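Grab a pencil and have the viewer ready. Below are some exercises, each with a worked solution.

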Amino acid sequence: MKNFRIYKLLAFLIMLVISACDSDDEVIYVSPSGTDLVQASFTYSISTTDPNVILLNNTTQGSGDFTSEWDFGTGDLVPDEPGLEELRLDGVGSYTIKLYVTNTAGFTEASETVRVDEDGVCPNSVCGGGDPSTLKGSAKNFSVGTIVRDNRLTGMHDEVIRRDFNNITSEYQMKMNVMYPSQGTYDFGPSDAIVDYGVANGIDVHGHALIWHNATPSWVENFAGTDAEFEAMIRDYITTVLERYKGKVRSWDVVNEAIEDGSNALRNSVFRQRMGDDFIEKCYQMARDVDPDVLLFYNDYNMASDSGKRAAMFAIADRLKTLNLIDGIGAQLHISYNGPARGEIQAVVDGTVSRDLLMHFAEIDIRTNPEGNSSVTALSSERALLQKDKYKELAEIYTDIPTANKFAFTVWGLKDNESWLLDFWGVPDFPLLFDDNFNPKPAYEGVIEGFQ
Ligand code: G3I
């Protein structure tokens with residue numbers, strides 16, 4: 001890396017000289033402050049003729065002259081050539097590919113981790129294989145996720161997570177009210193434990209959720225400073241969190257549930273009041289400014305059952321897409337065995353895919369007692385089979401999504417008695433894939449069947 005810095009300094013000086021001499025002997029001195037940094041970016045695809053070859057496309061956009069160099073994982077710099085760069089990755093493992101872009105203002109970098117297994121490069125960085133009788137082993141090039149807490153990472157929780165899942169979401173400990181309980185005082189204890197667990201076990205971590213009206217610390221709700229100071233505080237918070245987890249947390253729900261039920265207008269949250277109607281765009285830009293490689297999602301509920309809310313969500317996504325500030329949509333899918341209908345769920349997928357965004361089925365649970373019958377004492381075999389059918393339907397819908405738009409199929413909990421729904425509705429229910437003793441239910445088999 002030391003060589004790289006020397007190289008960059010030389011490149012910078014050369015660029016200055018070239019730009020000064022590059023015009024019919026007229027001397028032009030380019031003031032470094034007169035140009036903006038050019039943000040490096042690239043994409044890759046897997047060769048259709050060789051599963052161990054990727055085709056790298058330098059998608060950097062910027063005015064003026066800039067140079068691009070690749071680091072294919074060795075630390076050596078390779079100048080970018082016009083067109084696609086072919087790269088063979090033979091050994092099983094993870095490779096970090098970097099692109100450095102230099103102009104007179106300095107340099108920026110972009111990086112991607114590419115995973116390779118015995119079948120070749122893994123699409124979406126999710127390797128197949130593994131035991132096909134498990135959830136993650138039966139999923140085709142997408143992750144299977146669940147939620148975690150820092151005090152549920154050992155024993156049977158750990159065993160089931162590592163056997164069946166390759167993506168984890170913090171149920172509540174990566175929200176602002178936990179990570180930033182008082183101004184200037186962060187508490188990253190629980191979130192560090194969760195992120196460290198994911199990194200240690202090769203499990204992707206999905207950050208949830210930076211900005212959410214239901215997890216806003218009271219000091220933020222009652223912020224005494226000016227609007228400009230509020231916005232600066234939010235930028236500091238987002239920057240602090242994303243810098244801390246850069247390269248460890250693969251994706252973030254930057255804003256969660258910003259749409260008001262019924263009106264489908266933006267919720268009148270403190271964020272909207274203090275930062276303006278464009279608070280969403282501002283928050284995603286703050287995140288993007290810190291980490292050009294992290295995947296940014298918008299997450300909300302009732303996307304399937306409420307077509308008006310779905311349309312409002314896609315309008316937000318469209319605004320963010322024009323600014324290149326969004327990578328995916330999270331549909332929470334807190335649903336029931338008897339609804340919403342398959343076509344309504346498919347409409348969420350279709351709108352996401354048509355926008356070339358990643359689809360995250362982000363918080364799946366399927367109520368077996370939506371009637372709220374308080375006398376229910378156990379899951380009947382009839383309701384268990386109806387729940388299995390609905391989980392299978394969700395799994396089929398997800399499996400049929402184009403590979404390029406796949407991300408993760410995440411259930412909102414491991415075992416039934418840990419579900420938030422029990423407290424929320426105050427009646428018995430059995431919404432998840434495992435019973436109270438971590439035994440797979442018919443719903444578990446339904447997911448695996450749907451993944452076939
Ligand atoms: O674990 C502590 C406990 O030690 C403490 O004594 C107690 C009282 O303060 O709080 C406990 O933490 C609670 C935690 O759930 C675990 O029960 C938090 O206060 C409580 O806020 C937290 O609620 C979470 C909620 O989001 C708010 O963050 C739920 O677990 C979680 O399932 C729920 O998830 C949301 C998604 O983030 C967004 N979509 C809807 C979904 C359901 O509301």
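**Exercise 1: a charge and a ring**

Over the ring of which residue does the charged end of Arg-367 sit?

*Solution.* Before you start, know that this is a predicted model: local features need pLDDT of at least 70, side-chain atom pairs count only at pLDDT 80 or more, and totals for chains, interfaces and linings use all residues. Residues are numbered from 1 along each chain as its sequence is written, and side-chain values use heavy atoms, with hydrogens and water left out.

Step 1: get the rule straight. A charge sits over a ring if NZ of Lys or CZ of Arg is within 6 Å of the ring centre and within 35 degrees of the ring normal.

Step 2: go to Arg-367. Its charged end sits over the ring of Trp-425, 4.2 Å from the centre.

Step 3: try a lysine too. Lys-309 lies over the face of Tyr-301, 3.3 Å from the ring centre.

**Exercise 2: one helix, two faces**

Work out how helix α11 sits among its neighbours.

*Solution.* Step 1: check the length. Helices (H or I, at least four residues) and strands (E, at least two) are DSSP runs, numbered from the N terminus. The expected span of a helix is 1.5 Å times one less than its number of residues. For the 13 residues of α11 (residues 342-354) that gives 18 Å, and the end C-alpha atoms are 18 Å apart, so the two agree.

Step 2: sort the residues. Buried means under 20% relative accessible area, exposed over 50%, and partly exposed in between (1.4 Å probe, protein chains only). In α11 the buried ones are Ile-345, Val-348, Val-349, Gly-351 and Thr-352. They cover an arc of only 165 degrees around the axis (taken from the directions from the helix axis to the C-beta atoms), so they are on the same side of α11. On the face turned away from that side you'll find the exposed residues Gly-343 and Ser-354.

Step 3: recall the helix geometry. An α-helix has 3.6 residues a turn, so residues three or four places apart point the same way.

Step 4: find the partners. Taking contact as heavy atoms within 4.5 Å, the buried residues of α11 pack against α10 (307-322), β14 (328-331), β15 (334-336), β16 (358-367) and α12 (381-399).

Step 5: look at both ends. In the loop between β15 and α11 sits Pro-340, joined to Gly-339 by a cis peptide bond with omega about 0 degrees. Just after α11, Asp-356 takes a positive phi of about 55 degrees.

**Exercise 3: the nonpolar cores**

How many residues does the largest nonpolar core have?

*Solution.* Step 1: define it. A nonpolar core is a set of buried Ala, Val, Leu, Ile, Met, Phe, Trp, Tyr and Cys residues joined through side-chain atoms within 4.5 Å.

Step 2: read off the size. The largest core has 99 residues, and those with the most contacts inside it are Ile-234, Ile-238, Trp-252, Val-255, Phe-361 and Phe-409. Helix α7 (residues 227-245) gives the most to this core, with 8 residues. Apart from it lies another core, of 16 residues, among them Val-38, Ile-54, Leu-56 and Trp-70.

Step 3: zoom in on Phe-409. Leaving out residues up to four places away in sequence, Phe-409 touches several residues, including Phe-142, Phe-361, Tyr-398 and Phe-451.

**Exercise 4: a pair of rings**

Why is the pair of Phe-142 and Phe-451 edge-to-face?

*Solution.* Step 1: learn the cut-offs. Rings of Phe, Tyr and Trp (its six-membered ring) pair if their centres lie within 6.5 Å; planes under 30 degrees apart count as stacked, over 60 as edge-to-face and the rest as tilted. The structure holds 20 aromatic pairs.

Step 2: apply them. The centres of the Phe-142 and Phe-451 rings are 5.0 Å apart and the planes are at 80 degrees, so the pair is edge-to-face.

Step 3: place them. Phe-142 is in the loop between α2 (135-138) and β9 (143-148), and Phe-451 is in helix α14 (residues 442-451), so the pair ties together parts 309 residues apart in sequence. Both Phe-142 and Phe-451 are buried.

**Exercise 5: an unusual backbone angle**

Is Leu-333 buried or exposed?

*Solution.* Step 1: locate Leu-333 in the loop between β14 and β15. Step 2: note that its phi is near 65 degrees, a positive value in a residue other than glycine. Step 3: at 7% relative accessibility, Leu-333 counts as buried.
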